[in-house]
Amino acid sequence: MDRASATPRPGQPVRGSATGRPIMVLLDLLGRRAALGVLWALADGPASFRALQERAGGVAASTLNTRLAELRGVDLVMRTDDGYALTADGTDLLAAGEPLIEWVNDWAAKLDPPAGA
């Protein structure tokens, strides 16, 4: 199976969803090794492959190649003269996730309150 056909797409079954609902497809894609790390690393601006690899915590080259192919295949990342960069949809996705990050930080604090609380 080639990388393009392995990339989750709305309407096609993915892990956890036989229907391929768009939210489940996105969660499947973002749940793959290093996918979120790549997106967050690109939030700092375009990066060459090696710089992106470093920004994303030293992810293996093969894993990074696979994630970039998938993220490019769903128009969240693009190749530019400066390396890899977020597309408008990639930038919008990270912005849309900000309220979720705020919620999850509050939730985590309730589950594991600071010492002495």
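The exercises below work through a predicted model of one protein chain.

**Exercise 1. Overall make-up**

Find how many helices and strands the chain has, and in which order they run.

Solution.
- Step 1: The secondary structure comes to 6 helices and 2 strands.
- Step 2: Read from the N terminus, the order is α-α-α-α-α-β-β-α.
- Step 3: The C-alpha trace spans about 50 × 35 × 25 Å along its principal axes.
- Step 4: Of the 117 residues in the chain, 32% are buried.
- Step 5: Take the contacts between residues at least 6 apart in sequence; 43% of them join residues at least 24 apart.

**Exercise 2. Confidence**

Determine which element has the lowest mean pLDDT and which the highest.

Solution.
- Step 1: For the chain, the average pLDDT is 91, and 94% of the residues score at least 70.
- Step 2: Helix α1 (residues 3-6) has the lowest mean among the elements, at 54.
- Step 3: The highest mean, 98, belongs to β2.
- Step 4: Predicted coordinates should not be read in detail where pLDDT is low.

**Exercise 3. Helix α6**

Compare the expected span of helix α6 with the distance between its end C-alpha atoms.

Solution.
- Step 1: Helix α6 covers residues 88-111, which is 24 residues.
- Step 2: The expected span is 1.5 Å times one less than the number of residues.
- Step 3: This rule gives 34 Å for α6, and the end C-alpha atoms are 35 Å apart, so the two values agree.
- Step 4: Helix α6 also has a kink of about 35 degrees at Glu98, shortly before the proline Pro99.

Next, name the buried residues of α6 and elements that cover them.

Solution.
- Step 1: Gly90, Leu93, Leu94 and Gly97 are buried in α6.
- Step 2: Their cover includes the helices α2 (22-30) and α3 (35-42) as well as the strand β2 (83-86).

**Exercise 4. The aromatic pair**

Classify the pair formed by the rings of Trp103 and Trp107.

Solution.
- Step 1: The chain has 1 aromatic pair.
- Step 2: The ring centres of Trp103 and Trp107 are 5.6 Å apart, and pairing requires centres within 6.5 Å.
- Step 3: The ring planes stand at 15 degrees, under the 30 degrees that limits stacking, so the pair is stacked.
- Step 4: Both residues belong to helix α6; because they are 4 residues apart there, about one helical turn separates them.
- Step 5: Trp107 has a relative accessible area of 42% and is therefore partly exposed.

**Exercise 5. The largest nonpolar core**

State which elements give two or more residues to the largest nonpolar core.

Solution.
- Step 1: This core has 19 residues, and those with the most contacts inside it are Val38, Leu39, Leu42, Leu52, Leu68, Leu71 and Val77.
- Step 2: Two or more residues come from each of α2, α3, α5 (61-73), β2 and α6.
- Step 3: Helix α3 gives the largest share, 4 residues.
- Step 4: Take Leu71 as an example; beyond its neighbours within four places in sequence, Leu71 contacts Leu29, Ala35, Val38, Leu39, Leu76 and Val77.

**Exercise 6. Two aspartates**

Decide for Asp28 and Asp75 whether each is buried, partly exposed or exposed.

Solution.
- Step 1: Asp28 sits in helix α2, whereas Asp75 is in the loop between α5 and β1 (77-80).
- Step 2: The relative accessible area of Asp28 is 5%, under the 20% limit, so Asp28 is buried.
- Step 3: Asp75 has 42% relative accessibility, between 20% and 50%, so Asp75 is partly exposed.
- Step 4: Leaving out residues up to four places away in sequence, Asp28 contacts Pro8, Val14 and Arg15, and Asp75 touches Thr87, Asp89 and Gly90.
- Step 5: Asp75 and Leu86 are 11 residues apart along the chain, with 8.6 Å between their C-alpha atoms.

**Exercise 7. Positive phi**

Give the phi values of Ala34 and Asp75, and say where Ala34 lies.

Solution.
- Step 1: Most residues other than glycine have a negative phi.
- Step 2: Ala34 has a positive phi near 70 degrees, and the phi of Asp75 is also positive, near 60 degrees.
- Step 3: Ala34 is in the loop between α2 and α3.
- Step 4: With a relative accessible area of 24%, Ala34 is partly exposed.

Methods. Residues numbered from 1 in each chain as written. Predicted model: local features only at pLDDT ≥ 70, side-chain atom pairs only at ≥ 80, totals over all residues. Heavy atoms only, no water. Bend = angle between axes of the 7 residues up to and from the residue. Buried < 20%, exposed > 50% of the residue type's maximum accessible area, 1.4 Å probe, protein only. Contact = heavy atoms within 4.5 Å. pLDDT = per-residue confidence, 0-100. Core = buried A, V, L, I, M, F, W, Y, C linked by side-chain atoms within 4.5 Å. Phe/Tyr/Trp six-rings, centres within 6.5 Å; stacked < 30°, edge-to-face > 60°.
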